[in-house]
Each structure stands twice: as structure tokens, then as C-alpha cells.
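Visitor: I am new to this structure and would be grateful for a close look at a single part of the subject, the salt bridges. Please explain which residues pair and how exposed the partners are.

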Amino acid sequence: MLGNMMEGPLLISGLIEHAVATNPNSEIVSRRCETDHTGSSIHRYTMKDAAKRSKQIANALINLGAKPSDRIATLAWNNYRHFELYFGVSGIGSVLHTINPRLFPEQLVYIINHAEDRWIFVDLTFVPLLEAIQDQISGVEGFIILADANNMPDTSLKNAVCYEELIDQSSDELEWPTFDENTAAALCYTSGTTGNPKGVLYSHRSTLIHALSEISREALGISSLSCILPVVPMFHVNAWGVPYAGAMTGSKLVFPGPGMDGASLWELIDAEKPDLLLGVPTVWLMLLNHMDEIGKTLDSVKNVVVGGSAAPYSMIKKFDEDHDAFLVHAWGMTEMSPLGTSNVATAAMNNMTKEERYRLQQKQGRPVFGVQMKIVDDNGDPRPHDGIAYGRLLVRGPWIISQYYKNDDMSSFENGWLDTGDVATIDPANYLTIVDRSKDVIKSGGEWISSIDLENAAVGHPELVEACVIGVAHEKWDERPLLLAIRKPDSNVTAEDVKQFLDDKIAKFWMPDDVIFVDSLPHTATGKLLKIDLRKEYQDYLLKA
Ligand code: ADP
């Protein structure tokens, strides 16, 4: 027997309609690329203004000929115009393709062509990026520059249109169309450490239920009382869904634009008093260093959500001890919209010493409602959730990808589960710990060694700036760890010194077979170590030794 309840599609337009009906005066503050007539880069308006302008840009797109399912791209920072586009583009059934400007030019060309983008909305900063590749993206019909007439650049981009003029010419009268909630809403490409980037195509339904779960206290804890500073970019996994969650709850939103250095972030925090910050560890390292330099504390901040890579112990402790802020460690991926787990404060933590609590906070957290996870061995057999056994981490849930966009490769999917490419442990309380990426974990004589743990232990050495551990071929053990490290400028630290330093910090069989000092290490567009070329270069290093 079926239930007797109404059916209604979960649509992104419903979020902005709800926002304007319920929290019309919630503020949205942005740092722009350009300054206004007073010389200020800060822009301020309300949810009501955002809703009106979303309709204007939606009408403008319809007038330009945009059809349902057309891909409309953005190359933009976190700011109010980007926020409007999140609703204006998806609201009419077109697909918002957020492009990551940190991708290499050949990857930009690939994804723009693969997505078949018809128009690209671009912030002033990124105009030169597009000018340089314009000849290779001939399918794009025009470029809409996110600026007013006074700030229009002198550009070689063909069909360059001024965003503010387009808005001014367009009506704000629009009845958002209704359609199937499974319709595609947004497209985001993974940075791809191997091969071409792969597209993740979110639906209206997946986006809405992700936002519903995300706002819960057990996930990110977002409400109308929140003032949120999402430093995580709107061009990478939709700023972890915060624009949608913000519209759903009517929280105040503070967008940092291009200013992600410590001083610029502090300026915004000091002025706008956010209580919830979200971003990757490197951003917080810069902010924490800046706060040390100026000797001030982040008084308004209560929670800092950290994901993208592991939050170090020292950061968890520093946020708590110096700033009285709780670091919410979260884990997810582009393929998961992105939220998978969250490590929020619990009653059990009240009975722990600070040291015990910080150790627990180093774990990536427990699954948020809607996400199921398990760990399996190489044969796909389940591994115990004892907090010790390592396994390949598999996930499933209604905001997790079931296949990549226009891509037949199903190798990441196993019987309805997504192989995350991560190796993890799960403890009896269901806390996840990410051990490594599957391709980076070192398999030494049947035992697994976490390259991440080794790197974290090595960077604890006061004379090392960065460390990278790779598995290289070994006659007896198949694979052994090799440590590549960057020394501080004046340091003469030796391989032997580093090994001695590691001696009491890691299991004996984890000890790197050698330490090589390098001047630089390669990174992906999202700042993660890019190990693939290093593995090729050093593959035979120990065999030759
Ligand atoms: P990319 O485009 O760089 O792949 P994603 O955000 O999709 O960006 O990266 C997802 C991966 O990032 C995860 O599979 C995991 O390996 C890593 N990751 C994310 N959050 C964490 C975390 N809190 N701790 C450790 N690793 C993390």
C-alpha cells in the first residue's frame, strides 16, 4: 500500500523562493574583484535582492536562448553574483557548470568542450585565462563578464557582455518552471590526478536532500542564527553545498571573493562576525599564522569545518586553546556532493581530557544521515569495524554519484556502491579514519603503510617544510616507503637525522628505506600532492641501490 501524501519535486528554485518568503532580510556580504565609487571592495545586500536578481539573470538567459539541460558555466570566486547564478541557472532547468580556475589550461579546454558549455560567466580575475584558450573552445557562444559597465575590461573575448547591464535590461517577473526533481542541476569536474577530469552531474533532488542533511546539528549545524564564511570555493563542489544550505535556512553569508589570505579573511571576520567557517587546512594555517602575528583572537567564531585533507592535531588544538573554536573535521568528495562524515561535538567528549578529545577530532567523523559506508579488502569482502583493520572505503546514498557524466568507465562502482579511492578504518562507534588514497597506500610484504601518517610524522620535524611518501619497488617486500622532503632554507638536516626523529613515532616496519631532499613537490589543482610522476621517477630507486 502506498502512503497518501502529496508529491512535489524538490527543486533548487524552491530554496530561493523559501529564502525570500521567510528570511528576506538575511544579509549577504561579498568581497568583489573590483571596487565601487567609494573605493570599497565590499558589497552588501539581502536575500530578497539575491532572489530578485536570480530571476533577472534567469530571464536574461531565456532571452539569450538558454534551454533546459544547456550547460552554462561560471569561472568565479565566492561572491553574490555567483550566488545568484546558482539559482538563476539551475532554476530554469539549465545546468550550472562551475569551473575550477586552478585547473591547468589544457584541462580547462577539455572540460569546457566536454561539458559543451554555451556561455561562460566570468569574474574579472579570470578573463585572461579564457582569452588564452579562446581559440580552443569555439563552441562557447559568448562570455558574460561579472562586472558593471564602469569595470568592463578591454577584452579580446568574443561576444563579451556586461553582467550588470544584462541584469538591468531584464525583468524580475518570472514563475520558476516545474520539472522532474531528478533533472540535472549542476556539474563539477574532479581535478583528476590521472587522465582527464571526470564530470559529476548533481540533480535538483540530490542537491536538496544533501542540503537538508547538511544543515542538521549532527552535520554542519546551519540555521537562521548562523553567520557563515565559506572559504571553500563555489567553483569546487558548490562550496560544500553552503549556498543552498544558506538559502534553505536564511543564514547570513559572508563571501571572501579573491581574498583568502590570512589578513583579508581576518578583516572580514572582524567586520562581519561569522560564527561558522568552512575550508581546507592550508587556508586555516594561513589565518592562524596571521592571528599569531597580530596577537588577536577569533572571538565570534564557534565552529570551523575542515575537510579536503586531514586536519592536523596541532590545528585542532590551536583553534581550541587560542580561539575557543571547535574544529569540526569532515570528510567527503566531489562525487558525494560532497558531505560524507562529520565529527561534531558529542556528549561523550565532555568526559574526555582535552588530549583525548583532540585525538578523537583527528578522525574524519561519523556518517551524516543519508550516507552508508563500509570497508572491504581487495576481494570485496567486508573488513571489521574495529578501528584497526584497513580497507577500501565504499559508500552509497542519494547524493552520491552513480556514474560519471558522459563516461562509460564504471570501474569505481561495485554493486551499487562507489569505491571512494580512499583506504580507511571504521571504529566500533562508527568513526571513520582516512588512512590514505588507495593508489598511495604502500603495500609492504602484505602489510599496509599509510603514506599520509608517515608524511604527517615527518613534517613534525622542525627543519622540514613538506614531506611526500611514495611506495617504490623492493625485491623482498614488493614495495617500500621512500620519503621525499623539502628542507627549510638554511637547514642541513640529514636523512639519518630524519629517520632518528621518526624512530619513536612510527611502527618499525614503516621506517622509510631512504630520505631524499628535493626543492619542490608537485601538487594537483586542489593543492593535494601529485604522486603519480614521482612514483614513475623513483620506481626503481631501491632496486638500483
Ligand atoms: P579533488 O578534486 O582534489 O579530488 P575532492 O574534494 O573530490 O577533490 O577530494 C576528495 C578526496 O579528498 C577524498 O577522497 C579524500 O581522499 C580527501 N579528503 C577529503 N576530506 C578529507 C579529510 N578530512 N581527511 C583526509 N582526506 C580527505
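Guide: What follows is an account of the salt bridges, taken pair by pair. The model is predicted. In general, side chains of opposite charge can pair when their charged atoms come close. Here the count comes to 33 salt bridges.

One of them joins Arg437 and Asp422, whose closest N and O atoms are 2.6 Å apart. This pair links distant parts of the chain, since Arg437 lies in strand β21 (residues 432-437) and Asp422 in strand β20 (residues 417-426), with their positions 15 residues apart in numbering. Arg437 counts as partly exposed, at 30% relative accessibility. Asp422, by contrast, has a relative accessible area of 5% and is therefore buried, because buried means under 20%.

Another salt bridge is formed by Lys273 and Asp270, with 3.7 Å between the closest N and O atoms. Lys273 has 48% relative accessibility and so counts as partly exposed. Its partner Asp270 is likewise partly exposed, at 39% relative accessibility.

A further pair consists of Asp504 and Lys505, where the closest N and O atoms are 3.3 Å apart. Asp504 counts as exposed because its relative accessibility is 66%, and exposed means over 50%. Lys505 has a relative accessible area of 43%, which means that Lys505 is partly exposed. Beyond such pairs, salt bridges that share partners join Glu34, Arg53, Arg81, Glu84 and Glu164 into one network.

Note on methods. Residues are numbered from 1 along each chain as its sequence is written. This is a predicted model: local features need pLDDT of at least 70, side-chain atom pairs count only at pLDDT 80 or more; totals for chains, interfaces and linings use all residues. Side-chain values use heavy atoms; hydrogens and water are left out. A salt bridge is a side-chain nitrogen of Lys or Arg within 4 Å of a carboxyl oxygen of Asp or Glu. Buried means under 20% relative accessible area, exposed over 50%, partly exposed in between (1.4 Å probe, protein chains only). Helices (H or I, at least four residues) and strands (E, at least two) are DSSP runs, numbered from the N terminus.
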